[in-house]
Amino acid sequence: MTSCPRTYGRVPLSLLLCLLVSFCAEAEASPPGNNVCSSPEIKSCTQCLRRGPQCSWCFKEDFLDGADLSHRCDLQVNLLSRGCGPEFTERSKVQVEVDATTSGTQVSPRDISITLTPGSDASFMVAVKQLPRYPVDLYYLVDVSASMQENLDHLKTVGVALSLRMTEHSSDLWLGFGSFVDKPVSPYINVHPTKINNPCSDYEIRCRPAHGFHHVLSMSGNMSEFTRVIKRQRISGNMDTPEGGLDAMLQAAVCQRAVGWRPEAKRLLLLMTDQPSHLALDSRLAGIVVPHDGLCHLEDNIYTGSTRMDHPSLGQLSEKLLENHIHSIFAVEKQQYQWYQELVHLLPASYLGKIGFFQSPNLIDLVVDAYKSLLAEVSLSVSVDDQAFSRYWTSVSPICPNGSAANNQSCSGVQPNQTVYFNVTIGLRSCPDHGADEDIKVMVRPVGYNESTTVRIHSKCQCSCGPTGSCRDSNRSPCAGTLDGAGLERWPHQGLFMNESKWRCRADGSNVDCGGRGVCECGRCVCEHSRLGTVFGKYCQMDDFSCPYKGGLLCGGRGMCVSGECVCEGGWTGDSCGCAVAVATCQSPDGSLCSGRGKCVCGRCVCDGQGYSGDLCERCPACQSSCQSNWKCVDCHVSRGLTRNDKHCNRTCASDVIHINAMLTGSRGLHCMYISGDSCRYWFQSRSESGREQLHISTRAECASRGRVLGTFLSVCALTVLCGLVVVAVSRLLLQKRGRSPEGATQDGDYLCTGKELAYIPTSNEKTVTYRRERAPDHAVEMTVHVKMPLGEPWQ
């Protein structure tokens with residue numbers, strides 16, 4: 001390792017002069033009027049250095065005796081003037097180290113180490129050289145839906161012709177092939193059994209089943225094999241217009257081993273389609289809500305995750321293309337050009353070609369033009385780890401060679417053997433929340449190149465304060481102490497060892513510090529931060545997100561979440577504190593709970609499993625037989641004159657019998673009636689009191705006299721006869737009306753006479769008979785006889 005290198009491989013020294021200032025010069029003092037280091041809020045060395053890279057902390061023991069701690073933080077020049085020598089100051093140090101022992105053919109340097117403090121930044125240079133001839137891997141990813149039949153035929157002559165054409169630009173061309181249609185689920189395809197295996201059965205054509213992605217041919221330099229594979233391809237079919245092109249592109253990019261991408265080759269992925277593509281969240285139409293994991297899912301060269309995961313997002317696809325150094329080329333028909341024109345702006349190193357027909361000359365020109373255009377555009381991508389992205393910032397400034405133009409973070413028009421330089425600046429905004437130092441990795445990748453620069457960043461967020469480790473501040477660790485003979489650190493004033501203090505971070509019966517949701521620092525749990533909510537408690541056992549919700553509120557807003565369970569406030573219970581403990585809503589009119597036939601749960605009656613129902617368990621349709629079962633008991637009491645506490649009858653009754661003088665009222669219990677031999681009705685009620693059945697018999701009988709019964713019987717008979725006569729009369733009238741036709745004729749053909757038609761009634765039958773003699777000597781003789789007979793007399 002070396003600091004402040006003079007060269008980057010073949011990079012001229014003149015182009016790196018700006019780095020020498022950034023690498024080797026340290027920020028000294030700021031103008032006196034802009035001293036950001038002076039603040040009464042600063043009480044420690046760590047707080048001082050976080051004010052900015054120009055601040056320093058004096059840890060000299062007798063520095064400004066009696067003064068406030070904040071005076072130890074100041075500009076370096078001010079501390080020196082007040083007697084704090086350089087050996088007693090802690091200051092921010094920005095350090096950049098470049099490993100000059102490793103360099104790439106196209107990208108240099110390959111490895112850089114940087115030390116940053118909050119508010120500081122460092123710059124370095126990356127050189128990208130354009131080589132004259134690269135080996136090229138070209139993977140054809142073709143839409144094989146039914147509308148692409150003619151275009152698929154044109155591919156049969158592309159392989160050999162393209163290989164001959166690319167010899168002018170590439171040292172070695174290999175080709176691969178894969179196909180796609182769409183996700184094989186409804187509503188993208190017809191899932192009728194006759195259509196799954198042959199989507200073209202309506203057209204009497206044999207098609208292959210629909211598929212998300214099928215890898216057919218790995219990278220190969222054998223053009224005859226490529227042509228043979230193309231000739232064996234058959235079309236497929238689906239229902240909706242968009243296809244699953246982006247889903248297939250991600251699999252072709254990440255399945256490195258199956259596709260056979262070569263590490264040293266320029267990688268081109270050519271997508272051929274005549275339709276737009278599905279985007280992320282479109283799979284919800286098919287009930288697929290699991291986001292794509294960005295991994296390869298090929299089994300026997302078939303994409304198996306098509307029916308389980310959503311289409312990838314453009315950001316996810318862009319990341320995978322960049323990670324795998326792949327240039328993407330879109331060959332689409334004119335109708336879809338505008339749709340893909342907006343798409344390529346969001347994908348790195350992508351090229352869009354518009355052609356009317358996928359014929360061999362057009363495809364060859366498209367591939368050659370795209371290859372030259374992509375190589376002439378050199379851009380740089382800087383990617384920071386997701387967990388640290390918000391704490392860092394980056395800046396890229398290109399230095400383009402003569403004859404090329406700078407465009408934002410790229411250079412266009414770069415020719416072979418030319419080198420593009422990028423000045424990259426990385427700055428640290430803040431330290432992690434826990435305040436500890438951290439190490440992250442930043443990847444600097446020229447888009448489409450198989451070489452990259454790895455930047456290892458060490459963020460220095462804590463002070464070392466000289467060899468003794470004492471910073472003379474008030475933020476000394478509560479665990480700081482002296483080492484005993486066994487090498488264990490002892491807490492001052494407590495006599496506990498560090499390994500013993502960890503047991504204070506474990507709940508009873510647990511063998512994990514802080515329940516696995518925090519770290520143990522000096523015998524106290526520091527709970528982790530979660531995106532879902534807050535973790536708190538002595539052992540990090542409580543949170544505000546893992547318990548059941550009710551009404552959109554955690555624990556219904558009536559409790560606290562502890563270890564995944566709701567601890568409810570007074571008056572509430574249940575898994576989500578949604579059950580009221582009060583039983584007022586379960587009280588029956590007589591004051592009992594649920595009529596004595598159930599329990600009050602969450603303010604509602606849960607009846608016993610004996611056929612009881614109702615809000616208060618007051619109904620029992622299946623209990624009607626209880627009336628008959630008590631008739632014998634009631635008959636005994638009635639026959640003995642309803643004597644109270646009749647011991648003989650009590651032996652035949654299963655319930656406690658109570659005589660009451662009033663009529664039975666209220667809804668509680670089962671109301672029944674018993675009719676004695678003298679036609680008197682006795683009302684009684686069966687109810688449950690304190691778990692024992694009671695029989696309440698009313699002593700007020702309802703009896704009717706014999707004369708009244710006979711009169712009632714005769715009245716009913718007379719009324720029945722009268723109703724029958726009325727029904728017969730009405731029926732006869734209705735039948736006579738239905739029997740008349742509109743012209744006065746009945747259905748049987750009888751003629752019904754009216755007053756005006758009596759003169760036309762016939763009284764006799766008339767008939768005319770004609771006799772004729774044939775074959776007379778001279779002429780035929782004919783005789784006519786008219787006969788009239790009384791009406792009703794038969795003809796003979």
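In the predicted model, Asp137, Asp172 and Arg262 are joined to one another in a network of salt bridges. Within this network, arginine 262 pairs with aspartate 172, and the closest N and O atoms of the two lie 2.8 Å apart. The pair connects distant parts of the chain, since arginine 262 belongs to the loop between α9 (256–259) and β12 (266–273), whereas aspartate 172 is placed in strand β10 (residues 170–180), with the two positions 90 residues apart in sequence. The partners also differ in burial class: arginine 262 counts as buried, at 9% relative accessibility, while aspartate 172 is partly exposed, with a relative accessible area of 30%. Side chains of opposite charge can pair when their charged atoms come close. The structure as a whole holds 11 salt bridges.

Another of these pairs is formed by lysine 183 and aspartate 247, with a separation of 2.9 Å between the closest N and O atoms. This contact likewise links distant parts of the chain, with lysine 183 in the loop between β10 and α6 (193–196) and aspartate 247 in helix α8, 64 residues apart. Both partners are buried, lysine 183 at 1% relative accessibility and aspartate 247 at 3%.

A further salt bridge brings together the side chains of glutamate 438 and arginine 391, at an N to O distance of 2.8 Å. Here glutamate 438 lies in strand β22 (residues 438–446) and arginine 391 in the loop between β17 (378–384) and β18 (392–399), so that the pair again links distant parts of the chain, 47 residues apart. Glutamate 438 is buried, with a relative accessible area of 13%, and arginine 391 is buried as well, with a value of 14%.

Serine 236 is located in the loop between α7 (223–231) and α8 (245–254). Although it occupies a loop, serine 236 is buried, with a relative accessible area of 0%. Polar atoms of the serine 236 side chain lie at 2.8 Å from the backbone oxygen of arginine 208 and at 3.4 Å from the backbone oxygen of proline 209. When neighbours within four places in sequence are left aside, the contacts of serine 236 comprise Val144, Ser145, Ala146, Val181, Pro199, Cys200, Cys207, Arg208, Pro209 and Ala210.

In helix α10, the residues Gln316, Leu317, Ser318, Lys320, Leu321 and Leu322 are buried. These buried residues pack against α8, β12, β15 (326–332), β17 and β22. Just after the helix, histidine 325 adopts a positive phi of about 55°.

Helix α10 also contributes to the second largest pocket, for which α10 (314–323), α11 (337–344), β16 (350–354), α12 (360–376), β17 and β22 each supply at least two residues of the lining. The volume of this pocket is about 1,100 Å³, and its lining consists of 37 residues, of which Ser318, Leu347, Pro348, Ala349 and Val447 lie nearest the centre. Ser318 is thus listed both among the buried residues of α10 and among the lining residues nearest the pocket centre. The largest share of the lining, 6 residues, is provided by β17.

At the level of the whole chain, the model contains 17 helices and 44 strands, and 41% of the 796 residues count as buried. Among contacts between residues at least 6 apart in sequence, 60% join residues at least 24 apart.

Confidence varies along the chain. The average pLDDT is 78, and 80% of the residues score at least 70. Confidence is lowest in helix α1 (residues 17–24), at a mean of 38, and highest in α8, at 95; helix α8 is the element that holds aspartate 247. Values stay under 50 over residues 743–751, for which the model has 10 contacts beyond four places in sequence, and also over residues 753–757, for which the model has 4 such contacts.

Key. Residues numbered from 1 in each chain as written. Heavy atoms only, no water. Helix = DSSP H or I, 4+ residues; strand = E, 2+ residues; numbered from the N terminus. Buried < 20%, exposed > 50% of the residue type's maximum accessible area, 1.4 Å probe, protein only. Polar contact = N/O pair within 3.5 Å; in protein donor to acceptor, adjacent residues only side chain to side chain. Contact = heavy atoms within 4.5 Å. Salt bridge = Lys/Arg side-chain N within 4 Å of Asp/Glu carboxyl O. pLDDT = per-residue confidence, 0-100. 1 Å grid on protein atoms, 1.4 Å probe; cavity = no way out; pocket = protein on both sides within 12 Å on 5 of 7 lines; lining within 4 Å. Points joined across faces, edges and corners; volume = space filled by probe spheres on them.
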